[in-house]
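Colleague: Please take one part of this chain and go through it closely, then work outward to the rest. I would like plain statements that I can check against the model.

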Amino acid sequence: MSSTELRRTALDAVHRSLGATMTDFAGWDMPLRYGSERDEHNAVRTRAGLFDLSHMGEITVTGPQATRFLDHALVGNIGTVKPGRARYTMICREDGGILDDLIVYRLDDPEAGSPRYLVVANASNAQVVLDALVERSAGFDTEVRDDRDAYALLAVQGPESPGILQSLTDTDLEGMKYYAGQPGTVAGVPALIARTGYTGEDGFELFVKPEHAVELWQALTKAGEGIGLVPCGLSCRDTLRLEAGMPLYGNELSASLTPFDAGFGRVVKFEKEGDFVGRAALTEAAARAEATPPRVLVGLVAEGRRVPRAGYAVVAGGEVIGEVTSGAPSPTLGRPIAMAYVDVAHAAPGTAGVGVDIRGSHEPYEVVALPFYQRQK
């Protein structure tokens, strides 16, 4: 494969047979949409959607000191994650800047006698995270393995997803908590079944061997017939996560921000034992944020129809008071929405006089608390 050739997932032929519009995403040729992104978005909100997320970066961490190592390498307290559960966390640089946000699954095999973790990184950061973990593993009795080629990842998301998936598995999904993951079989295919997602809806992510991806996609599609399951691309995944107030690396999160700058200081666990990469810098960042609150991540809802985009200035009283990080039309709200970092003085929901500079025109926006959308449980 040449350096410019895009990687293709195990489901590439399926996407093309469905007429998907494909796009380059972090070096992968991925489906952007199959038809109407609004229809795909609404299907996930009201029924169910099926996603190919095989571009995500899977890294397996094993060995007697795997837990101690991850507590050193990441900002979260991995030692408190029980087998069969998952945790949202971050990996930071020594200076506290965010390298990526991650989900870590603890998947111990009782017969193995030592812990096993699956670290899932964003596609755009997978190599950076892998390199950082390998470097940080020095001195620990642990193995860090690049498993990006070992998995295909399918997600079924939406209120009908538990019923669709339950029709194909003996695993008790009703008893599975949010942020849990356990091995099982789906449509005869061995899978890690995880109750996680990036849409704001109930749903599941299924990690399988690439050679089983097409078979599983077809089985899920068949099980969702008559219920309204539709294939979904990255475009609606972005509007779904935006409505749910979920951050995207490169937009809301970056190496120039610490978790405290980004409003995610809660993921940093200073109380855990031992040193961890970035502890000193993050201790300073926490104190700085308390003394002088940084810009706050807020929601903005348009009063008009013009859509804000990342990088647009947020203004008030003729002054720039912040910057849009993500913006899109919201199919659920029926109006354009955005996430933005704004000065504390303008961050309270309902703050008047806030606008977004869209090509020289100051369009009025309402400041709201995140998320824009929260499902009824």
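**Aspartate 261 and its surroundings**

Modeller: Aspartate 261 sits in the loop that runs between α7 (234-243) and α8 (279-291). The model is a predicted one. Is aspartate 261 buried or exposed, and which side chain of opposite charge is nearest? Aspartate 261 is buried, and the nearest side chain of opposite charge belongs to arginine 288, 4.8 Å away. A salt bridge requires a side-chain nitrogen of Lys or Arg within 4 Å of a carboxyl oxygen of Asp or Glu. Aspartate 261 therefore has no salt bridge, with arginine 288 at 4.8 Å. What its side chain does reach is the backbone nitrogen of threonine 258, at 2.9 Å.

Leaving aside residues up to four places away in sequence, aspartate 261 touches Ser256, Pro294, Arg295 and Tyr341. UniProt, in an unreviewed entry, places the feature "domain: Aminomethyltransferase C-terminal" at residues 295-373. Within residues 295-373 the secondary structure is 56% strand and 0% helix, and the end C-alpha atoms are 22 Å apart.

Towards the end of that span there is a cis peptide bond, between leucine 370 and proline 371, with omega about 0 degrees. Proline 371 belongs to the segment after β20 (361-368).

Next, the nonpolar interior. In soluble globular proteins, nonpolar side chains tend to be buried together. The largest nonpolar core here has 26 residues, and Leu154, Leu165, Ile193 and Leu220 touch the most other members. Two or more residues each come from β4 (48-52), β10 (152-157), α5 (161-166), β12 (189-194), β13 (203-208) and α6 (213-223). The most, 4 residues, come from α6. Leucine 154 has contacts with Leu11, Phe51, Phe204, Glu205, Leu206, Ala213, Leu216, Trp217 and Leu220, again not counting residues up to four places away in sequence. A second core, separate from this one, holds 25 residues, among them Cys92, Ile98, Leu242 and Met339.

Isoleucine 193, named above for the largest core, is part of strand β12. Isoleucine 193 counts as buried because its relative accessibility is 0%. Its C-alpha lies 16 Å from that of alanine 150, and the two residues are 43 apart in sequence.

Two residues in loops have backbone angles to check. Tyrosine 179 is in the loop between α5 and β11 (181-186). Its phi is near 60 degrees, a positive value in a residue other than glycine. Tyrosine 179 counts as buried because its relative accessibility is 16%, and the cut-off for buried is under 20%. Alanine 187 is in the loop between β11 and β12. Alanine 187 is not a glycine either, and its phi is positive at about 55 degrees. Its relative accessible area is 28%, so alanine 187 is partly exposed.

Last, a helix that is mostly covered: α3, residues 66-73, has 6 of its 8 residues buried. The buried residues of α3 are Ala66, Thr67, Phe69, Leu70, Asp71 and Ala73. Their cover includes the strands β5 (57-62), β6 (86-92), β7 (98-106), β8 (116-121) and β9 (143-146), along with helix α4 (126-136).

To return to the starting point, aspartate 261 is a buried residue without a salt bridge, and its side chain reaches the backbone nitrogen of threonine 258.

Notes:
Residues are numbered from 1 along each chain as its sequence is written. This is a predicted model: local features need pLDDT of at least 70, side-chain atom pairs count only at pLDDT 80 or more; totals for chains, interfaces and linings use all residues. Side-chain values use heavy atoms; hydrogens and water are left out. Buried means under 20% relative accessible area, exposed over 50%, partly exposed in between (1.4 Å probe, protein chains only). Lys and Arg count as positive and Asp and Glu as negative; His and the chain ends are not counted. A polar contact is a pair of N or O atoms within 3.5 Å; within protein, one must be able to donate a hydrogen and the other to accept it, and residues adjacent in sequence count only if both atoms are side-chain atoms. Contact means heavy atoms within 4.5 Å. UniProt positions are given in the numbering used here, feature names are shortened, and annotations may be inferred rather than shown by experiment. A nonpolar core is a set of buried Ala, Val, Leu, Ile, Met, Phe, Trp, Tyr and Cys residues joined through side-chain atoms within 4.5 Å.
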